[in-house]
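Hi everyone, thanks for making room for me today. I'd like to walk you through one structure, starting with its empty spaces and then moving on to the chain and a few single residues.

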Amino acid sequence: MGKVTGFLEIDRQDRKYKPAADRIRHYNEFVIPLSEEATRDQAARCMNCGIPFCHNGCPVNNQIPDWNDLVYRSDWEEAARNLHSTNNFPEFTGRVCPAPCEAACTLNIEDTPVTIKTIECAIVDRAWENGWLRPEPPSAKTGKTVAVIGSGPAGLAAAQQLARAGHDVHVFEKFAKAGGLLRYGIPDFKMEKHLIDRRIAQMEGEGVTFHYGVHVGVDVQASDIVGGHDAVILAGGSEKPRDLPVPGRDLAGVHFAMEFLPQQNRRVGRENAGPEEPILASGKHVVVIGGGDTGSDCIGTSVRQGALSVTQLEIMPKPPEREEKLTTWPYWPLKLRTSSSHQEGAERDFAVMTKQVVGENGVVKALQCVRVDGKMQEIPGSEFELRADLILLAMGFVSPVHEGMIQQLGVALDGRGNVQADTLAYKTSLDKIFVAGDMRRGQSLVVWAIREGRQAARAVDHFLMGATNLPR
């Protein structure tokens with residue numbers, strides 16, 4: 001490393017947020033980047049630790065110490081080349097990844113990990129600003145055609161890798177624009193959508209053809225897509241939400257998070273919000289059920305829409321404030337995580353089970369709850385009621401949607417209802433059909449989707465050509 005004593009001499013410094021009172025007035029990103037000098041200093045903190053455990057934590061196998069050293073030496077362009085050798089879209093992960101690499105950093109033993117995510121974002125943002133990222137069309141075409149169904153991070157990563165290998169790649173997307181949950185699930189205040197648009201433009205320059213408004217299995221038969229291409233990658237994500245089977249679930253005002261969030265993202269993107277009745281938190285008491293990232297996104301969006309109050313309920317016990325390093329490091333720890341949306345105004349309550357949704361004239365008015373112990377058993381006498389004008393269900397996703405494409409194809413499913421395939425061949429039970437991302441592994445992170453898209457692309461390239469130079 002360029003400065004082997006950097007971690008001893010320089011304190012950890014990370015990006016900060018603009019004040020909550022200001023940022024809740026708009027849907028723009030509000031993270032304040034570090035200066036070039038500060039980023040260079042943070043990169044200098046990457047220690048010569050012998051075994052870079054950050055590699056274990058990073059699903060896309062980023063060469064983190066290498067590009068930290070390049071940033072320390074101010075060789076930003078080479079750092080960008082190194083970063084893109086393992087990650088097609090570091091501007092996405094640099095904004096929305098929870099950074100398991102930092103949890104695995106050796107310096108995290110003392111709660112001062114290298115600011116890997118911040119440095120990654122700085123590298124790719126500088127690369128775009130300086131025009132270093134241009135289309136990379138192949139030198140020769142293979143004559144093979146590949147269909148990618150779904151344009152989330154897995155589908156986009158697979159499509160870009162295969163197009164650069166010389167295949168004729170066609171991406172089929174049921175919505176009006178590409179991006180999947182990146183565009184329609186993650187709010188703009190966490191990741192603005194022009195970041196997706198410029199990647200799509202790059203991919204189109206590399207020969208990828210996008211077909212929008214084409215819902216495979218609904219608008220077109222899945223067999224037609226399979227018959228018209230030499231290989232097919234299923235990358236439609238895990239879209240079947242976990243429901244709440246309690247009395248009153250069918251009352252007006254109870255919605256899935258992925259009914260609520262896409263509407264606002266379409267408004268911000270000046271798209272038609274859809275034929276559905278508008279779901280708005282304005283002037284309402286909002287209850288979000290589910291303690292993960294999607295629930296956090298519902299909080300931030302509700303606050304910006306002008307909710308009177310926002311309460312987030314989680315059935316699991318409240319995690320510890322900090323992990324026990326000796327038993328968790330370098331693995332991803334269970335601990336209390338407070339997002340920027342939580343800081344904007346939300347009450348959180350843990351170990352709470354929903355018993356019934358109470359309504360009046362067919363409209364939700366309250367939520368009846370009870371507290372549970374560590375074994376999920378109700379605690380006698382702990383019942384309570386919450387006022388609720390809008391209830392958002394953010395309890396995760398159970399599987400891909402089976403109706404339509406999956407049923408038409410008849411591919412084998414695993415025990416959880418995901419499309420079955422291993423992580424070497426990524427091949428389904430049917431010839432020339434592959435699968436990647438959440439449709440194969442279940443709901444997961446953007447960074448895991450990018451990894452699987454890249455690896456599936458390698459498997460498809462090998463299937464088509466008998467050999468491949470694409471990285472895993």
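Let me start with a question: by class, how many nonpolar, polar and charged residues does the lining of the largest cavity have? The count is ten nonpolar, three polar and two charged. Before I go on, please keep in mind that this is a predicted model.

So, the cavities. The structure holds three of 30 Å³ or more. In the largest cavity there is about 110 Å³ of space, and of the 15 residues lining that cavity, Cys58, Asn62, Cys97, Cys101 and Glu120 are the closest to its centre. Two helices, α8 (100–104) and α9 (116–129), each supply at least two residues of this lining. The largest share comes from α9, with three residues.

Next, the second largest cavity, with a volume of about 90 Å³. Among the residues that line this one are Cys46, Met47, Cys49, Phe53, Cys54, Cys105 and Val114. Here the elements giving two or more residues are α4 (53–57) and α5 (64–72). If you sort the lining of the second largest cavity by class, you get eleven nonpolar residues, one polar and no charged ones.

Now for a pocket. The second largest pocket holds about 350 Å³ of space. Its lining has 19 residues, and the ones nearest the centre are Arg81, His84, Ser85, Glu136 and Arg164. By class, the lining of this pocket divides into five nonpolar, seven polar and seven charged residues. Three helices each bring at least two residues to the pocket lining: α6 (76–84), α10 (153–164) and α12 (194–205). Which of the helices gives the most to that lining? That would be α6, with four residues.

Let's stay on α6 for a moment, since Leu83 lies in that helix. Is Leu83 buried or exposed? Its relative accessibility is 0%, so Leu83 counts as buried. Leaving out residues up to four places away in sequence, Leu83 touches Asn62, Trp67, Pro90, Glu120, Ile123 and Val124. Two names on that list should sound familiar: Asn62 and Glu120 were also among the residues closest to the centre of the largest cavity. For a sense of distance, take Leu83 and Val169: they are 86 residues apart in sequence, and their C-alpha atoms are 24 Å apart in space.

Let me zoom out to the chain as a whole. There are 20 helices and 17 strands in it. The radius of gyration is 23 Å, close to the 23 Å that the globule rule gives for 472 residues, so the chain is as compact as a globular protein of that length. Along the principal axes, the C-alpha trace spans about 65 × 60 × 40 Å. Buried residues make up 52% of the 472. If you take contacts between residues at least 6 apart in sequence, 67% of them join residues at least 24 apart. As for the surface, the chain exposes about 20800 Å², and carbon and sulfur atoms supply 50% of that.

Back to single residues, with Gln305 in helix α15 (residues 293–305). What does its accessibility say about it? Gln305 is at 11% relative accessibility, so it counts as buried. Setting aside neighbours within four places in sequence, the contacts of Gln305 include Tyr27, Phe260, Gln264 and Arg267, along with the run of Ile279, Leu280, Ala281 and Ser282.

I'll finish with some backbone details. The peptide bond from Trp329 to Pro330 is cis, with omega near 5°, and Pro330 lies in the loop between α16 (325–328) and α17 (340–343).

Then there are two residues other than glycine with a positive phi. Ser74 has phi near 65° and lies in the loop between α5 and α6. At 39% relative accessibility, Ser74 counts as partly exposed. For Asn361, phi is near 55°, and its place is in the loop between β12 (352–360) and β13 (363–371). Asn361 has a relative accessible area of 76%, so it is exposed.

That's my tour, and I'm happy to go back to any part of it.

Methods. Residues numbered from 1 in each chain as written. Predicted model: local features only at pLDDT ≥ 70, side-chain atom pairs only at ≥ 80, totals over all residues. Heavy atoms only, no water. 1 Å grid on protein atoms, 1.4 Å probe; cavity = no way out; pocket = protein on both sides within 12 Å on 5 of 7 lines; lining within 4 Å. Points joined across faces, edges and corners; volume = space filled by probe spheres on them. Nonpolar A, V, L, I, M, F, W, Y, C, P; charged D, E, K, R; others polar. Rg over C-alpha atoms; globule rule 2.2 N^0.38 Å. Buried < 20%, exposed > 50% of the residue type's maximum accessible area, 1.4 Å probe, protein only. Contact = heavy atoms within 4.5 Å. Areas by Shrake-Rupley, 256 points an atom, 1.4 Å probe, with all protein chains shown as cover.
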